[in-house]
Amino acid sequence: MTALQASPNSTFIINDHIITGEGVSFTPSPNTSGLFKQGFPDTIVIHFTAGSSLASSVNVLTRPDSGVSAHFAVGRNGNIVQMLPTNKIAWHAGESHFQGRSGLNQYSIGIELDNAGQLKERSDGTYESWFGKVFEKSEVFEAKRENQHATGYWHKYSEIQIARTLALCKALCEHYQISTIVGHEEISPSRKVDPGPAFPLQKFKELVLLPNTNEWVTDSKDTSSQREAHDQFRRDITSPIKKIANVSANVLNVRKGPGTSFPTLDNGLNKGEILKVLEKQGEWAKVSFTKVGWVNTAFIHEVTEKSPFKS
Ligand SMILES: [Zn+2]
């Protein structure tokens with residue numbers, strides 16, 4: 001890390017819905033529909049800007065005629081710009097649906113990461129964004145998942161940018177009753193692809209929502225153990241779904257760890273809900289749905305990837 005970068009472990013203070021801390025600034029946006037209703041926000045939506053710089057994106061998100069805004073934008077050097085206090089509704093999600101809700105702006109905090117988005121391969125082996133900026137191969141994440149629509153070339157996020165976004169989300173979770181982290185592509189799948197395959201969304205959700213998993217590779221100078229962790233992390237996020245299960249109990253507790261001594265997450269799962277099985281320890285399975293947690297395998301029914309509804 002260079003001296004210009006804020007430390008991913010620096011603390012944030014939330015006072016009157018405004019965050020202060022190292023590398024955090026506030027540029028107000030007029031683009032809001034007013035205060036959240038009581039009990040909200042309870043969700044965080046992750047986006048990429050598909051823009052050329054943090055400054056240009058903040059400019060758009062705070063311009064009165066743009067019709068868009070977000071609560072935060074996170075730069076590639078880890079700097080964070082807040083644009084709306086987190087008790088006010090921003091305009092980042094647009095038409096969106098998730099778990100029976102529509103119009104996720106009224107429920108969620110929007111975080112935009114400075115990232116050029118999807119890239120085109122050029123004949124000379126470099127890559128180009130929609131606005132004409134050229135990127136070297138080292139800046140490009142190639143998504144090869146055959147079962148995903150989003151194959152192709154994507155601008156990589158920086159490690160410090162992801163680490164700072166993680167720290168920001170953890171601070172927000174401590175202050176608000178956040179139960180859900182989603183990518184924009186998950187709530188507007190027909191029209192949005194952000195944050196895209198270069199963002200480790202599943203791992204990120206797990207790190208935000210499970211309090212004992214704090215680690216992130218943050219230094220760009222690879223030591224061999226860091227490189228190993230990074231490689232594992234890349235394998236985790238690109239490996240195909242191993243197993244799917246559905247819930248066979250009427251109501252199933254989800255816990256923060258593999259055993260009844262671990263606390264349960266706020267809401268249990270209902271019969272028939274579909275889970276992705278990530279790993280197993282004894283009679284416990286770590287599963288992901290909109291969150292990540294542990295369930296007792298006696299109460300789930302594991303099925304093959306292709307037919308999750310067949311029993
Ligand atoms: Zn978005």
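Me: A disulfide is a pair of cysteine sulfur atoms within 2.5 Å. How far is the sulfur of Cys173 from the closest cysteine sulfur, and what follows for a bond?
Reply: The closest cysteine sulfur to that of Cys173 belongs to Cys169 and lies 6.5 Å away, which is too far for a bond. Seen from the other side, the sulfur of Cys169 has Cys173 as its closest cysteine partner, again at 6.5 Å and too far. The count of disulfides for the structure is 0.

Me: What kind of model do these values come from?
Reply: The model is predicted: local features need pLDDT of at least 70, side-chain atom pairs count only at pLDDT 80 or more, and totals for chains, interfaces and linings use all residues. Residues are numbered from 1 along each chain as its sequence is written, and side-chain values use heavy atoms, with hydrogens and water left out.

Me: Why is Cys169 called buried, exposed or partly exposed?
Reply: Buried means under 20% relative accessible area, exposed over 50%, and partly exposed in between (1.4 Å probe, protein chains only). Cys169 has 0% relative accessibility, so Cys169 is buried. Across the protein chain of 311 residues, 49% count as buried.

Me: What makes His47, His184 and Asp194 donors of the zinc ion?
Reply: Donors are N, O and S atoms within 2.8 Å of the metal (3.2 Å for Na, K and Ca); water is not among the atoms, so sites may look incomplete. The zinc ion is coordinated by ND1 of His47, ND1 of His184 and OD of Asp194, at 2.0 to 2.1 Å. Along the chain the spacing of these donors is H-x136-H-x9-D. His184 belongs to helix α3 (residues 184-187) and Asp194 to the loop between α3 and α4 (201-209), so this pair ties together parts 10 residues apart in sequence. Both His184 and Asp194 are buried.

Me: How do you know where a helix or strand such as α3 begins and ends?
Reply: Helices (H or I, at least four residues) and strands (E, at least two) are DSSP runs, numbered from the N terminus. The protein chain has 5 helices and 22 strands.

Me: Why is the pair Glu186 and Lys205 called a salt bridge?
Reply: A salt bridge is a side-chain nitrogen of Lys or Arg within 4 Å of a carboxyl oxygen of Asp or Glu. The closest N and O atoms of Glu186 and Lys205 are 2.9 Å apart, and the pair forms a salt bridge. Glu186 lies in helix α3 and Lys205 in helix α4, so the pair ties together parts 19 residues apart in sequence. At 29%, Glu186 is partly exposed, whereas Lys205 is buried at 1%.

Me: How many salt bridges are there in the whole structure?
Reply: There are 6. One of them joins Arg63 and Asp65, with the closest N and O atoms 2.9 Å apart. Arg63 is partly exposed at 36%, and Asp65 is exposed at 62%. Another pairs Arg122 with Asp124 at 3.2 Å between the closest N and O atoms. Arg122, at 30%, is partly exposed, as is Asp124 at 49%. Through shared partners, salt bridges join Arg122, Asp124 and Glu128 into one network.

Me: What joins the side chains of Asp124 and Thr126?
Reply: A polar contact of 2.6 Å joins them. The term stands for a pair of N or O atoms within 3.5 Å; within protein, one must be able to donate a hydrogen and the other to accept it, and residues adjacent in sequence count only if both atoms are side-chain atoms. Thr126 sits in the loop between β10 (118-121) and β11 (127-128). Its 9% relative accessibility makes Thr126 buried. Apart from neighbours within four places in sequence, Thr126 is in contact (heavy atoms within 4.5 Å) with Lys120, Glu121, Val134, Phe135 and Glu136.

Me: How do you know on which side of α1 the buried residues lie?
Reply: In helix α1 (residues 54-61) the buried residues are Leu54, Ser57, Val58 and Leu61. They cover an arc of only 100° around the axis, which puts them on the same side of α1. The arc is that of the directions from the helix axis to the C-beta atoms. These buried residues pack against β5 (72-74), β6 (80-82) and β9 (108-113).

Me: Why is Val182 called buried or exposed?
Reply: Val182 has a relative accessible area of 0%, so Val182 is buried. Val182 is part of strand β15 (residues 180-183). Beyond its neighbours within four places in sequence, its contacts include Ile44, Phe98, Ile187 and Lys205.
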